[in-house]
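Got your viewer open? Let's take a short walk through this chain, one selection at a time.

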Amino acid sequence: MCGLFMQLNAQEIKLVKNINASGSAAIMYQTVFNGKLYFSATDGTNGQELWVSDGTDTGTYLFKDINPSGSSNPMELKVCNGKLYFQASTDGGATPGLWVSDGTQAGTINITNNFHSPQEFTEMNGKIYFSAVNNQYGTEFWVTDGTLSGTHIVKNILSLSGDGGFSSEPACFTVYDNKIYFVAKSNATSFQIYESDGTEAGTVVFNKFPNMGQSTMMKFMVCNGKMFFNPLENADDAGT
């Protein structure tokens with residue numbers, strides 16, 4: 001038995017639904033949206049797809065079978081401005097795209113334009129900022145307002161047509177003081193910290209730190225109105 005459980009109180013845990021009686025339901029990316037729980041799961045027949053639950057057996061079901069021939073592998077579930085955003089694929093994961101839902105099946109649509117593999121979904125001012133791959137720009141910094149026309153690259157930090165043919169590979173997104181901070185390549189081999197107000201002109205190097213090398217594993221942490229981070233590889237000092 002592998003399914004969805006909920007805790008009623010300190011003494012009682014209840015099985016909501018046995019989603020996959022023959023194996024693992026692989027429940028992942030649980031996210032609350034419009035008073036319901038949305039998540040990725042498989043019932044053993046329909047592949048890894050988007051499910052929803054209102055906490056009852058009958059109210060727990062496959063919400064949308066995005067890839068009827070296999071698995072759409074929904075992930076990166078993020079709620080922003082009354083919409084649910086997630087990454088999913090119609091071809092078994094080869095080119096995952098950006099999906100958005102208003103909580104209805106008809107209103108769950110693919111808003112992928114000319115990119116794929118969106119990730120690092122981060123909300124700021126009612127929009128979702130993310131990293132995505134484009135044949136012209138490579139892996140760069142994008143934004144969406146939940147519509148196809150409102151989904152576009154924010155800034156091509158590095159150009160594929162430039163010397164060496166590389167991408168900036170933005171990662172580690174964090175919102176602080178109404179700006180997004182992230183790590184991206186400043187040249188073919190080195191990373192720097194960038195900040196963005198959501199505009200092309202306002203996406204700039206925050207500060208230049210030496211010896212950052214190729215590490216994108218840096219963590220930004222916001223606490224008590226300050227942002228902490230470690231800009232140097234293998235360094236012990238934190239910056240604010």
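Which side chain meets that of E195 in a salt bridge? Select E195 and K179 together: their side chains meet at 3.5 Å, N to O. Keep in mind that this is a predicted model, so treat every stop as a computed picture.

Now colour the strands around this pair. E195 sits in strand β17 (residues 191-196) and K179 in strand β16, so the salt bridge ties together parts that are 16 residues apart in sequence. Switch on the surface and look again. E195 is buried, because its relative accessible area is 14% and the cut-off for buried is under 20%. K179 has a relative accessible area of 29%, so it counts as partly exposed.

Stay with strand β16 (residues 179-185) and go to K185. Add E169 to your selection: the side chains of E169 and K185 meet in a salt bridge too, at 3.5 Å, N to O. E169 is in the loop between β14 (152-155) and β15 (171-176), so this pair links distant parts of the chain, 16 residues apart. Is K185 buried or exposed? K185 is buried, with a relative accessible area of 10%, whereas E169 counts as partly exposed at 35%.

Next, select D57 and K17. Here is another salt bridge, again at 3.5 Å, N to O. D57 is in the loop between β5 (49-53) and β6 (60-64), while K17 is in strand β2 (residues 13-20). These two are 40 residues apart, and their pair links distant parts of the chain. On the surface view, D57 is partly exposed, at 42% relative accessibility. The count of salt bridges in the model comes to 3.

Time for a sheet. Hide the side chains and show β11, β12, β13 and β14 as a cartoon. In what order do these strands lie? They form an open sheet in the order β11-β12-β13-β14, with antiparallel pairing. β11 (116-124) and β14 stand at the edges; each has a single partner strand, so one side of each is left without a neighbour in the sheet. Turn the view a little: neighbouring strands here are turned by 40° against each other on average, direction ignored.

What holds such strands side by side? Strands of a sheet pair through backbone hydrogen bonds. For a close-up, zoom in on β11 and strand β12 (residues 127-134), which are joined by 5 bridges and run antiparallel. Finish by selecting T122 and looking across to β12, where its bridge partner is Y129.

Conventions: Residues numbered from 1 in each chain as written. Predicted model: local features only at pLDDT ≥ 70, side-chain atom pairs only at ≥ 80, totals over all residues. Heavy atoms only, no water. Salt bridge = Lys/Arg side-chain N within 4 Å of Asp/Glu carboxyl O. Helix = DSSP H or I, 4+ residues; strand = E, 2+ residues; numbered from the N terminus. Buried < 20%, exposed > 50% of the residue type's maximum accessible area, 1.4 Å probe, protein only. Pairing = 2+ DSSP bridges. Axes fitted to C-alpha atoms, helices over the stretch in contact; angles between N-to-C directions.
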